[in-house]
Amino acid sequence: MRPYPRGRGFFILGICLLLSVLPITNPLTVGAQDEKQDYTGVDVVFLVDQSGSMGGLNYGSKDHPQANDPNDLRFSGLQQMVERLAGYRLNYFHDSDVQFQIAVVYFGSRPVTIVTPTIIDPDTSDEWQPLSSRLQSELSADAFPTNLGNTDHLSALREAKSILQAMQQTWQDGEHLQVILMLTDGEWYLSCPEMGEEALAYCRDGEFQSFEYRQMLAKYIQDELSYPRYRFFVGAINDRSNEYWSRVRGYWSDWTHNNAELVDANTMWAFFEGILAELTVNEPGLADKKTTRGEVVEIPETQDRIAVPPYLQEITFVIHKPEPEVRVKMYQDGQLLEGLATATVKDRDRYIESITILNPEPGYITIERPVSAGILRIFMIQIVANAACDPLSSVPQYIPVRLQCTLSGRGGALPPYDDLRFRLTVEAEIQGDGTSQHLVLTPQGESKYTAYYLPAQPGKYAFNIVATTQKPDGEPFELFRKPPEGMATFEVKPTTVHLNVAGTPTTLLPVLVSVVLTDASGAPLQVPPESAAFVQMCLTFTIAGQDTSIDLSPGEAGYQGTFTPSHPGKYRVHLLGQVKDPATGQQFTTFDEDMGSLEVQPPRVIWDGFSSPWPQYRAAPVTFYLADQTGNPMGDQMDPSWRLEAQASVKGGGLTEAVPLTVEKQGRWTGEFTPQKAGDFTLTVSVQAESPIGEKIPLVEDHTALLFTIRPMSLVRILVTRPQAEEYAWRDLFWRPRPLGIEVAVTDEAGKPLAPAQIQKNPAETTLAVEVISPEGQTTGPLKLTHGSAPGRYLASFNDYGPFNWYAHRDLGWCEIRVHPLSDLKEAYIYEKPDGVTVRVHLGRHPQWWVLPTILGVWFAILSAYLAYQMYLHLWSAEGTLTIEGAGPGWTRRLRDYGKHTLAFTARDGLPASIRKVVVHQPRGLRNPPVEVTVELRPRGRFSFKRMVDGARKSLGGNVFVSYQRGIGASSAVRASMSLAVLSYGLASLVMLAGLGGVIFSVIASLG
């Protein structure tokens, strides 16, 4: 491709100009239509003059060496027109049914179609890129380096109409705006044939007649390209001769309805921009199909500070530079805009540069640019904000409802701002019934806003959501004011209240009561759960002068609560409803009325015991429970803080007998009575409840639970006559246990034995079974029975006590003798105890079996200790002679004669009268062993000599002395030695220990 000449860059307006949807300053006027035509697209045929006068010598024209378009604006301008047209579709009509269609025709002496009809409807840049690359290549100056001779505008217009008619055939539905945009130097000229050839209307004598050609051109435009069916624009490029354009401008202006201008490198972009804006975003027939809206502002060179309003979707700065290397810098809060993560810079090194910022922060942007930096335009697209509110359908009167709205813009939530100046104030304007009310919505996060509305009057209402903030200079700024999406009206229904009760109430059982809100027709009104914080509903139940109040809460059917009636009977019900206005906080009464009465039934008594007739003497089970009106037990439904008490009695035969009852569980009682008489009887029940505060309330009084008959029967008893119950059957010590004799009898009420043939259905059957159960639960099995002294008496014997030793028998503990019947009785007889009888007896040894083992054990232990001590004393013997002098006759003892190492002498051993006791001990193992001597005097006095060696003489006071002599022949050291006494005592002590062990073993084995 040929390089762009200097100054051509002003035609590259860039993608940013595509964001404009409002006309720029001094837009070209297309002219108003009589009626608005609804369009679904635009068809554009570009006619580009490629005659020799346009390109001059560079494009092979020797007749016109000086080019009227020396900068190839017809190529670069056409390329940018196509790009901008696609940009309008991308930015303003994406995801819509709007289509643009183009064709490009080069003309000179003849027309040549360069681009056949091509649809432009991309929704994304990626979709547009392949087609853009192809068109840019086909429309470049390098792709057409020649010229097409003379300039025949008429044939070019005919070709354009033919193409537009072909485009019309491709429409699926609707109408397209059809446009011809011509780039030319404005001069028409054709070569005329030689003399003698076929004459042409615009030729005379071989000369081109400009006047006749102009008339033909004007007639064709008027007849075939009439406005407004076709839109015709001319951009004149004539750098060489502005004088000529001044002569023909009037014609082109008339033919195009003032849409013809002479353009150059500095004005062509504005001319093109005005055309595209008028054909697309400003065209009334297409405006309502736009996807986004925006505005464009041109900034004077003298302005260096601009305000960025809040809630912009994007802002684009389009910089037209005199030279590509010129740099214009913009800052916000000291940060270069180009460095923002949300900023996109395009064509930085071209004549037209653009900077786009998504969701810019509000505030001020400072501009730094060199002198004569060119034109700076700002394109702003305001966020198209909406409010989607939760639907309100039938709103109950007097019940606050939550109005919750979510604000959003294109692509999601509105951007949050840290600067409080730009926070949104969201209000709801509610109008209806001649009133208007403003509610301020409170932000809840995530672009949600909430307020509560109290509908005081019935009727139909409409509302708008208004979102306001301010601009950087403090000027108020309204983001939007519109009805919310999906819902803009609602109806407040007049509210009436009705009392609903779930089922038939039963005393002491909770029952669900509801206050249902309905409209005038009786249709229920839904109560929002979030209204609970502002509404208080209270029901009061009155009976016997007592009031019980319950608070209600919102439920599936109005307001509901649980009421537990304490008394049976008819309650008067009153409703009190109070509502707090969420906006003002004022509380007022909305409902204060009687709701009628509530009938509460007493509990039902359900009999679950014996049935009639019942045999005499047989224990009859008495079981009954309280139930609600549907028969379900009350126990599991009741408040456990209430306590129930019941009484039951049997009446008949002139007697009344109370039946002892036990509580099986709450609300259910069991008991038993044994009828002693036959006849007809009535069983009645009374129940009362005791409240947590002690109040007693009768629930059931003398209720007939059962009418029954007792069938007369003869009573048969089973007795254990021997052994007696609780008897202790003991055995003598070391005796073998004797067999246990058992005697049983079958008798009537008076104790007379009954023969099997008299009472049994089958007299041959075994009458009874007798068994003994050990304390461990082991049974002997049925014992063999023999007939006793009379019919109906039986004997059995038990001696299977298990293995035991001769010396002891352990206590068997308490055993049970069980007797139960085996045979069926005749119809008139009945066992008093059908399961039989059980008698406990204690089997075992003598109660003091431990006395003799204890005596023997203690005796053996004492003897063992004594003998062991004597053996110890005789292990060695003391040596020497002990003498006491001065206390009457002298006292001397030879120690060795005693054969023990410790000796004790008393008066029996001839001690002087003044001396009570003398103890001598000679330790073992010392050389030349001394003796230890202890002397006790009368009446009191004690001397202890720990070490008296051979020849020692100790004073006892006065002239009394004790002396010790070992004597001749004494051993040098005292050692233990075995003697006959030691052996005798040792053997005897072992015998005693063996006896003690035998006693202990016998006791343990006995208890084992």
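This is a friendly talk about how some labels in this predicted model are justified.

Trainee: Why is Arg668 called buried?

Mentor: The cut-off for buried is under 20% relative accessible area. Arg668 has 17% relative accessibility, so Arg668 counts as buried.

Trainee: And what makes Asp608 partly exposed?

Mentor: Partly exposed lies between the 20% and 50% limits. Asp608 has a relative accessible area of 40%, so that label fits.

Trainee: How do you know that Arg668 and Asp608 form a salt bridge?

Mentor: The test is a side-chain nitrogen of Lys or Arg within 4 Å of a carboxyl oxygen of Asp or Glu. The closest N and O atoms of Arg668 and Asp608 are 2.7 Å apart, so the pair passes. It links distant parts of the chain: Arg668 belongs to strand 41 (residues 668-673), Asp608 sits in the loop between strand 35 (604-607) and strand 36, and 60 residues separate them.

Trainee: Which residue forms a salt bridge with Arg668 at 3.3 Å?

Mentor: That is Glu664, with the closest N and O atoms 3.3 Å apart. Glu664 counts as partly exposed, at 46% relative accessibility. Elsewhere, salt bridges with shared partners join Asp38, Asp288 and Lys289 into one network.

Trainee: Why is the pair Arg572 and Asp594 called a salt bridge?

Mentor: Their closest N and O atoms are 3.9 Å apart, and the limit is 4 Å, so the pair qualifies. This one also links distant parts of the chain, with Arg572 in strand 33 (residues 569-580) and Asp594 in strand 34 (residues 587-600), 22 residues apart. Arg572 is partly exposed, with a relative accessible area of 47%. Over the whole structure, the search finds 26 salt bridges.

Trainee: Let's turn to strands. What makes the side chains of strand 32 alternate?

Mentor: In a regular strand, side chains alternate between the two faces of the sheet. Here Tyr559, Gly561 and Phe563 point to one face and are buried, while Gln560 and Thr562 point to the other face and are not buried.

Trainee: How do you know that strand 29 pairs with strand 32?

Mentor: Pairing takes at least two bridges, and five join strand 29 (residues 511-518) to strand 32, so they pair. The two run antiparallel, and Val513 has Gly561 as its bridge partner. Strand 31 (residues 546-554) also runs antiparallel to strand 32, with two bridges, so the requirement of at least two is met there as well. Ser553 has Gln560 as its bridge partner.

Trainee: Why are strand 36 and strand 39 said to stand at the edges?

Mentor: The open sheet has five strands in the order 36-43-42-38-39, with mixed pairing. Strand 36 (614-615) and strand 39 (655-659) each have a single partner strand, so one side of each is left without a neighbour in the sheet. Five bridges join strand 38 (residues 643-652) to strand 39, in antiparallel fashion, and Val650 stands opposite Glu657.

Trainee: Last topic: which residues have the most contacts inside the largest nonpolar core?

Mentor: Those are Phe46 and Tyr106, in a core of 49 residues. Elements that give two or more residues to this core include strand 1 (39-49), strand 2 (99-107) and helix 3 (125-138). Helix 2 gives the most, with ten residues.

Trainee: What is Tyr106 in contact with, leaving aside neighbours within four places in sequence?

Mentor: Among its contacts are Val48, Phe75, Leu78, Ile114 and Phe144. A second, separate core of 35 residues includes Val105, Ile180, Trp188 and Tyr244.

Conventions:
Residues are numbered from 1 along each chain as its sequence is written. This is a predicted model: local features need pLDDT of at least 70, side-chain atom pairs count only at pLDDT 80 or more; totals for chains, interfaces and linings use all residues. Side-chain values use heavy atoms; hydrogens and water are left out. Buried means under 20% relative accessible area, exposed over 50%, partly exposed in between (1.4 Å probe, protein chains only). Helices (H or I, at least four residues) and strands (E, at least two) are DSSP runs, numbered from the N terminus. A nonpolar core is a set of buried Ala, Val, Leu, Ile, Met, Phe, Trp, Tyr and Cys residues joined through side-chain atoms within 4.5 Å. Contact means heavy atoms within 4.5 Å.
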